[in-house]
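Q: I would like a close look at a single part of this model, namely the charged and aromatic side-chain pairs together with the residues around them. Please take them one after another and say where each partner sits.

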Amino acid sequence: MPVTVVDIINDLNLEVINRGENINEIKESDINRPGLQFSGFYNYYANERVQIVGKAEWSFLDAMQPELRKKDW
């Protein structure tokens with residue numbers, strides 16, 4: 001049985017930050033924690049994976065100056 005984005009949102013009671021297609025099927029079982037991408041490193045980016053912002057990534061963003069968080073890398 002395929003798993004969809006909305007299944008994960010509902011099962012884990014997640015907060016949705018950026019709405020997309022909730023009916024998309026999850027085909028990749030690995031996740032990506034985009035800490036390096038938040039610092040501007042994009043040599044490798046697994047965009048096919050579910051992106052998870054955990055406490056470490058959130059703390060990194062929270063410590064940044066607001067202007068830097070909004071910067072378009």
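A: What follows goes through the salt bridges, then the aromatic pair and a residue beside it, and then the largest pocket.

The model is a predicted one, and the count of salt bridges in it comes to two. In one of them Arg-49 is paired with Asp-30, with 3.8 Å between the closest N and O atoms. Since Arg-49 belongs to the loop between α2 and β2 while Asp-30 belongs to the loop between α1 and β1, this pair ties together parts that are 19 residues apart in sequence. Arg-49 is partly exposed, with a relative accessibility of 23%, and Asp-30 is likewise classed as partly exposed, at 38%.

The other salt bridge joins Arg-33 to Glu-57, and here the closest N and O atoms are 2.8 Å apart. Arg-33 is found in the loop between β1 and α2 and Glu-57 in helix α3, so that this pair ties together parts that are 24 residues apart in sequence. Arg-33 is partly exposed, with a relative accessible area of 44%, whereas Glu-57, at 6%, falls under the 20% limit and therefore counts as buried.

Turning to the aromatic side chains, the count comes to one pair. It is formed by Tyr-42 and Tyr-45, whose ring centres are 6.3 Å apart, and because their planes stand at 65°, which is over the 60 degrees required, the pair is edge-to-face. Tyr-42 is partly exposed, at 45% relative accessible area, and Tyr-45 is also partly exposed, at 37%.

Both of these tyrosines are in contact with Gln-37, which, leaving aside its neighbours within four places in sequence, also touches Asn-32 and Tyr-44. Gln-37 lies in helix α2 and is buried, with a relative accessible area of 7%.

Helix α2 also appears in the largest pocket, where α1, α2, β2, α3 and α4 each supply at least two residues of the lining. That pocket holds about 1,300 Å³ of space, and among its 37 lining residues Ile-17, Asn-18, Val-50, Gln-51 and Ile-52 lie nearest its centre. Helix α1 gives the most to the lining, with four residues, and the lining as a whole divides into 20 nonpolar, seven polar and 10 charged residues.

Note on methods:
Residues are numbered from 1 along each chain as its sequence is written. This is a predicted model: local features need pLDDT of at least 70, side-chain atom pairs count only at pLDDT 80 or more; totals for chains, interfaces and linings use all residues. Side-chain values use heavy atoms; hydrogens and water are left out. On a 1 Å grid over the protein atoms alone, a cavity is a set of points where a 1.4 Å probe fits but cannot get out, and a pocket is an open set with protein on both sides within 12 Å along at least five of seven lines; lining residues have an atom within 4 Å of a point. Grid points are joined across faces, edges and corners, and a volume is the space filled by probe spheres set on the points. Ala, Val, Leu, Ile, Met, Phe, Trp, Tyr, Cys and Pro count as nonpolar, Asp, Glu, Lys and Arg as charged, and the others, Gly among them, as polar. Rings of Phe, Tyr and Trp (its six-membered ring) pair if their centres lie within 6.5 Å; planes under 30 degrees apart count as stacked, over 60 as edge-to-face and the rest as tilted. Buried means under 20% relative accessible area, exposed over 50%, partly exposed in between (1.4 Å probe, protein chains only). Contact means heavy atoms within 4.5 Å. A salt bridge is a side-chain nitrogen of Lys or Arg within 4 Å of a carboxyl oxygen of Asp or Glu.
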